[in-house]
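This report describes a single protein chain, with attention to its charged side chains and to its backbone. Please have the sequence and the coordinates open while reading.

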Amino acid sequence: MAELILYSQTEIEYRVSEGLLVGCPTLDLCASREASGNLVRVHRPPQQIVSKIQQLGSPGVKAPEALTLTWKADGQFLAVGWSDGVVRLMGLENNKAAHHIEVCPSGRDARIAYVGWSCNKITSRWSKATLGGISNAELEKTERLDKDIEANLPRQLTFFDVDTALPKLSPLPGSSAGNGEDAIVFTLRTGLQFLFEDPKPDDYDQVNVMIVGSTDGQLHLSIHDSFVIGSFPGPGLPGSGSEGPPQLLGLASHLDISTRALLMAETGDRPEHLYLVPMDLPFISSVPINLSLLAAKLTTLQTLLRYLKQTQLHMQFEWKSTRELPTRFLRSVEAGLEEMERGPTNIVAALYHTLVTGHAHGPVKEWLVESLAERGHKRWEKAVVSGLENLRALVHENFLPALERCIIILSRLRGLALFHDDRADIGFTATQINKVMDILSCLMLVGNKILLHTMDELDHFKSFSAWLRFQIDRLALSNSEGEELTEREATMNTGKALTYIESYLVHSPLQAYLEEVAEQDRDQAWGYAEQGIALKDAMRAQIRKLERREEAMKAMPKVQFLVDYGIHWSNTIFGQIAEAKKRSVRFGVPLRMSLGRKVDLHDTRMHALDTGCMIQAALASKDESNRVYLFRFELAIKNGISMNTGSYACTLDLGGRQVVDIKYLDDNHLAILHVNEDKTVSITTVPTSSQSVPFAAYEGTNVPVEAIEPHDFTAYRLPAGHKPIRMEIHGKANVRGEIPQRICLLSSNRTTWRTYTLPGVTKE
């Protein structure tokens, strides 16, 4: 008996909970949850911490706990299901959530129970498993087309991205504003790189599918990391004997098959019956638009809209910071001016008088010399200059570039909608895309207006600030000392200072674009915009009224209103696209598996056949720890819809050996981790497709009583003293360097994670 080769060993500082330690499928990493529940760590052997992931609760609210951990197939994201009902996708380079998917809203009494994440080839529509019944000659022809597809010019043009030639989006400031979980993720350059990663040619024909099961029996479906298709009630499980909602325990899938096999039961804790439920997703292969392209564009657009919303909040914050301190200073002198019997009664007229005549009224002089003085002037100047410069940078580096990228994506979607205008199953129309583009064009217009006004106000404020400082020094000094200030006075631009006093001091033009929107004004503008008008023309008319200081619709030109309105219409399009995909989802007849006792261990595997697929399942019970039950279900698939064509079962008897865990090594082999009679630990591989494992017809209850003993099967022993309690198996990977097939074992102390490789080729 050959011995497994130790590949790496990771020591964890704490005992991990059941099911909350998972290995990365493509890298030698593992993720685990601490005993506290709200901290997840990613480990690299031997004892390195790659990242720490933690969710903090709101004031007075308990922080959510991590309930499930699942790696993406390429190992680039970790999906963490939290007790607040949200699945957060975490990148390896930072500990902030790149995407968050709400599965269980706060009003629903449910928790996340299982997250299944798998990948599909979209080109599987060329296979027999999808079309069904095509000839071998036709299949060979389409396979040759697939091999030559890299030289396919139309395909290359389909995935040609203009936005990859644009500069990378800049991170948002980390110390000013923001709202919710997005307030942090967009402030990190590494976070932006994960969110706006350039498409890879290898991903052109692939789409990721995530299925999340909750304790109330709901199944939540999303594709391409975060584009939500919708939720489905769990299918009924006939003969389960339970009135409770069905629970999702596992998932089997194949790269070339759009159908998923859901492993479900009446309870998540030692169920008596398990069911394999086919979940058909025909939209993966039947949609007229390349699903990878469509999902990538929609997900990127969603992320850009989140980025725009955060940018808008930052812009409003910076504008408020330029007004708050000066407003307090001006309010302190207004009271004194109003009490004067003669002369100006407001600060604009008073400062205008001082600039033109050189004379300062008593309240103004007292305010300049005693209240404001040199220190107050410096604070005023710093607040306004830094705020306006930050606002200018936000518009120029964040707001307008994000709008440009949104319009590029919408242009692509509009072209697809026009090309497929005769297909109702794409879920959106060119008219809807034009509506969103009209809103973003208004935002582009408003953004450029803000940029111009910001630069003008900054330029005029610098002249006003120099003049204000001159007046403070002049009024504070004696007549003889004042003669030294004449040279400074000669170099000042009093014209710009006068313009600032008149046009910017109390009421800035930026107020029309960046002020908070009142609910009444918002409702009025929303109703006006919904009348089907040309929004950009209406926007120009409103801006002209503002510039002439005429009565105008207050909410229409405001960034907050336009961003919210654009997000609303975009979400409407997203919802219709998701609904078009959701309508095609179908659940097949549940395939029952029963051992006559409670089930403790289970694993599933799917592999492709000529006209469909085969689903394999392995079950074991602690009540009969020396037996493993194998099931095989054959499905015929045509046009993405599956139908069961055969059910088979087999029993393995290990004699005096006690089963610890079972996992499929590949499509044709099952690995059984067991304790031998001499207390040593071994792994036996069972060739499930071999003639030496005879399957008999299975009708849902008749588990074969006669069992075979795996005497001639390949076995590997573990090093002496290692007593594992759980097993994971990962295939070969070459994401960041080649990694062989690995068998990962959690030791009985629950703190040691060992990774082994096989010494040779598995024997058939």
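## A positive patch on two helices

Arg328 is a residue of helix α7. In this predicted model, Arg328 has a relative accessibility of 46% and is therefore classed as partly exposed, since that class lies between the 20% and 50% limits. Together with Arg331, Arg375 and Arg379, Arg328 makes up a positive patch on the surface. The elements that contribute two or more residues to this positive patch are α7, which spans 291–338, and α9, which spans 362–419.

## Overall dimensions and content

The protein contains 17 helices and 31 strands, and its C-alpha atoms occupy a box of roughly 115 × 60 × 50 Å when the box is taken along the principal axes. Of its 764 residues, 54% count as buried.

## Salt bridges between helices

Side chains of opposite charge can pair when their charged atoms come close. How many salt bridges does the count come to? The count comes to 30 salt bridges, and the pairs described here and under the next heading are among them.

Glu457 and Arg323 meet through their side chains in a salt bridge, with an N to O distance of 3.4 Å. This pair links distant parts of the chain, because Glu457 belongs to helix α10 (residues 430–476) whereas Arg323 belongs to helix α7, and the two are 134 residues apart. Are these two partners buried or exposed? Glu457 has a relative accessible area of 1% and is therefore buried, the limit for that class being under 20%; Arg323, at 11% relative accessibility, also falls under that limit and so counts as buried.

Arg469 forms a salt bridge with Glu374, and the closest N and O atoms of this pair are 3.4 Å apart. Here too the pair links distant parts of the chain, with Arg469 in helix α10 and Glu374 in helix α9, 95 residues apart. Arg469 is partly exposed, with a relative accessible area of 21%, and Glu374 is likewise partly exposed, with a relative accessible area of 38%.

## A loop-to-strand pair and a shared network

In another salt bridge, the side chains of Arg597 and Glu624 meet at 2.7 Å, N to O. This pair joins distant parts of the chain, with Arg597 in the loop between β19 (591–594) and β20 (601–608) and Glu624 in strand β22 (residues 624–638), 27 residues apart. Arg597 has a relative accessibility of 26%, so that it counts as partly exposed.

Which residues are joined into one network by salt bridges that share partners? The network consists of Glu374, Lys378, Arg469 and Asp473, and it includes the Arg469 and Glu374 pair described under the previous heading.

## A buried arginine in a strand

Arg88 is located in strand β9, which covers residues 86–91. With a relative accessibility of 3%, Arg88 is under the 20% limit and therefore counts as buried. The side chain of Arg88 makes a polar contact with the side chain of Asp84, at a distance of 2.7 Å.

## Backbone features in the loops

Most residues other than glycine have a negative phi, and most peptide bonds are trans. Against that background, the peptide bond from Pro45 to Pro46 is cis, with omega near 5°, and Pro46 is placed in the loop between β5 (39–44) and β6 (48–54).

Where is a positive phi found in a residue other than glycine? His224 has a phi near 50° and is found in the loop between β13 (218–223) and β14 (227–233). Arg549, which is not a glycine either, has a positive phi of about 60°. Arg549 is in the loop between α16 (535–547) and α17 (559–582), and its relative accessibility of 69% places it over the 50% limit, so it counts as exposed.

## A distance across the chain

Asp74 occupies a place in the loop between β7 (66–71) and β8 (77–82), and at 29% relative accessibility Asp74 counts as partly exposed. The C-alpha atoms of Asp74 and His602 are separated by 24 Å, while along the chain these residues are 528 residues apart.

Definitions and conventions: Residues numbered from 1 in each chain as written. Predicted model: local features only at pLDDT ≥ 70, side-chain atom pairs only at ≥ 80, totals over all residues. Heavy atoms only, no water. Patch = residues over 30% accessible without salt bridge, like charges linked within 9 Å, V, L, I, M, F, W, Y side chains within 5 Å. Areas by Shrake-Rupley, 256 points an atom, 1.4 Å probe, with all protein chains shown as cover. Salt bridge = Lys/Arg side-chain N within 4 Å of Asp/Glu carboxyl O. Lys, Arg positive; Asp, Glu negative; His and termini not counted. Charge placed at Lys NZ, Arg CZ, Asp CG, Glu CD. Helix = DSSP H or I, 4+ residues; strand = E, 2+ residues; numbered from the N terminus. Buried < 20%, exposed > 50% of the residue type's maximum accessible area, 1.4 Å probe, protein only. Polar contact = N/O pair within 3.5 Å; in protein donor to acceptor, adjacent residues only side chain to side chain.
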